[in-house]
Amino acid sequence: MEGRMRVRATIFILCSIFLPLASNARHPLASGFRHRHRHGRVARHGFGGVTQLKDLRVGFYGNTCPQAEQIVNEVVTKAYKKDPGVSAGFLRLFFHDCFVHGCDASILLDKTASGEKVEKDSRANGQGMRGLELIDEAKARIEAECPGIVSCADVLSYATREGSVMAGVPHYDVAAGRRDGLISRETDVAGNIPLPSQPLQNISQLFISKGMTVEDMVVLIGSHSIGIAHCPTFLYRVAQYNPTVKVDPKLTTADANNIRNTCLRPVPFEDLSQTFMPFDPVTPFRMDNIFYKNLLEGKALIESDRLMADDITTKQTVQAMAGNEQNWLAKFADAMVRLGMVDVKTGTEGEIRRNCRFVNSVNPQQPGDNNGDSGIGFDKEDEEQFRQIIGSTIFVH
Ligand SMILES: *[C@@H]1O[C@H](CO)[C@@H](O)[C@H](O)[C@H]1NC(C)=O
């Protein structure tokens, strides 16, 4: 029924959004997590009844690679000046990474030891991935200065924070110490990333299963204050809303026309996935609470976003976020911190990848080979090919 269609949109919503983590020490954790803060350390216990100590720490690289955060800042700052859409891109990458196998940079892998298709190959990821080259750039610079020290998972966490802050989120500390995963499987994406075809309840359940809350979900969806959605996510609302109704009655005539004009230009059908609209056409690069205000007026590009303003379990949070922008932004930073702790690998788990695209055992480059001028085992031609495969003009701008 209707629910199904609405939910189709949700994927994108959530997908294009989510973010990093911050300094735990000041933030009480949500129920479902048990943390302790001491000396800036965050300890976290794992899920599923298995208790594991997870140590992430602000300033983790303070002795071993003190310039790491600064390098990431420089790379993201430069990129943001050219294209402020990188902020939404990182948020989406980070969210998709953390919800599949935890925040372990598994989404960045092109190849693993098993040779299986990787997370990147999933349709839920491929089309919308943005910012990969920037992660490569930051990682290459960091490796040149402190080889083998800083994980790709932490580089992505830092980059996501930088992008978010540039878009208007207050600065938050990123606790680090994540290790990079060895596994990345396309088949693990389904079920761990919210789908537009899922009821809101299912998506809430997914957040809870990751140790997050329904409030986190609503707060993080506010990242739709920036970014874009591709037409296939919402076109059904004006094409065939449900078996008996063509146009979603919740859409104004003007909005419906706008969607038609944008998505149904005479392009070959296969190009439909290249057409998109901003979630917030007024301030598309600014993290503000106009998104929530629009939701309360019934306005949203993505139907499942709009549902959050109606659903009894989420409505109050939407109202609160619409009523107080600073409060939302502070909560957003907190939620990013929690997102960044989802199923992290620490200590001796995983590895520190030399190249974010390959686990070390399949990385063509040998350790110690890194003289800083050879790239990281991925030359220009590969890069070009890769871009074509994933469709580089992306999804989240
Ligand atoms: C939503 O969750 C219910 C209950 O767990 C499940 O039966 C149903 O298949 C799920 N629907 C979707 C679209 O994921």
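Is His96 buried or exposed, going by its C-beta neighbours inside 10 Å? Before I answer, let me say that what we have in front of us is a predicted model, and everything that follows should be heard with that in mind. His96 counts as buried, because 26 C-beta neighbours lie inside 10 Å, and the cut-off for that class is 20 or more. As for where this residue sits, His96 belongs to helix H3, which covers residues 86-99, and an unreviewed UniProt entry lists His96 under "active site".

Stepping back to the whole chain, there are 15 helices and six strands, and 53% of the 397 residues count as buried. If we take the contacts between residues at least 6 apart in sequence, 78% of them join residues that are at least 24 apart.

Let me turn now to one pair of helices, H2 (residues 68-82) and H5 (residues 132-145), whose axes come within 9 Å and cross at roughly 145°, the crossing being right-handed. On the H2 side the contact is made by Ala68, Ile71, Val72, Val75, Val76 and Ala79, while H5 contributes Leu134, Glu137, Ala138, Arg141 and Ile142. Sorted by character, the residues of this contact comprise nine nonpolar and two charged ones, with no polar residue among them.

Finally, I would like to show Val282, which is placed in the loop between strand S6 (276-278) and helix H11 (290-296). Val282 is exposed, because its C-beta has 10 others within 10 Å, and the limit for that class is 12 or fewer. Its C-alpha atom is separated by 10.0 Å from that of Ile226, a residue 56 positions away along the chain.

Definitions and conventions: Residues are numbered from 1 along each chain as its sequence is written. This is a predicted model: local features need pLDDT of at least 70, side-chain atom pairs count only at pLDDT 80 or more; totals for chains, interfaces and linings use all residues. UniProt positions are given in the numbering used here, feature names are shortened, and annotations may be inferred rather than shown by experiment. Helices (H or I, at least four residues) and strands (E, at least two) are DSSP runs, numbered from the N terminus. Two residues are in contact if their C-beta atoms, placed from the backbone, lie within 7 Å. Axes are lines fitted to C-alpha atoms, for helices over the stretch in contact, and angles run from 0 to 180 degrees between N-to-C directions. A crossing is left-handed if the near helix is turned anticlockwise from the far one by less than a right angle, and right-handed if clockwise. Ala, Val, Leu, Ile, Met, Phe, Trp, Tyr, Cys and Pro count as nonpolar, Asp, Glu, Lys and Arg as charged, and the others, Gly among them, as polar.
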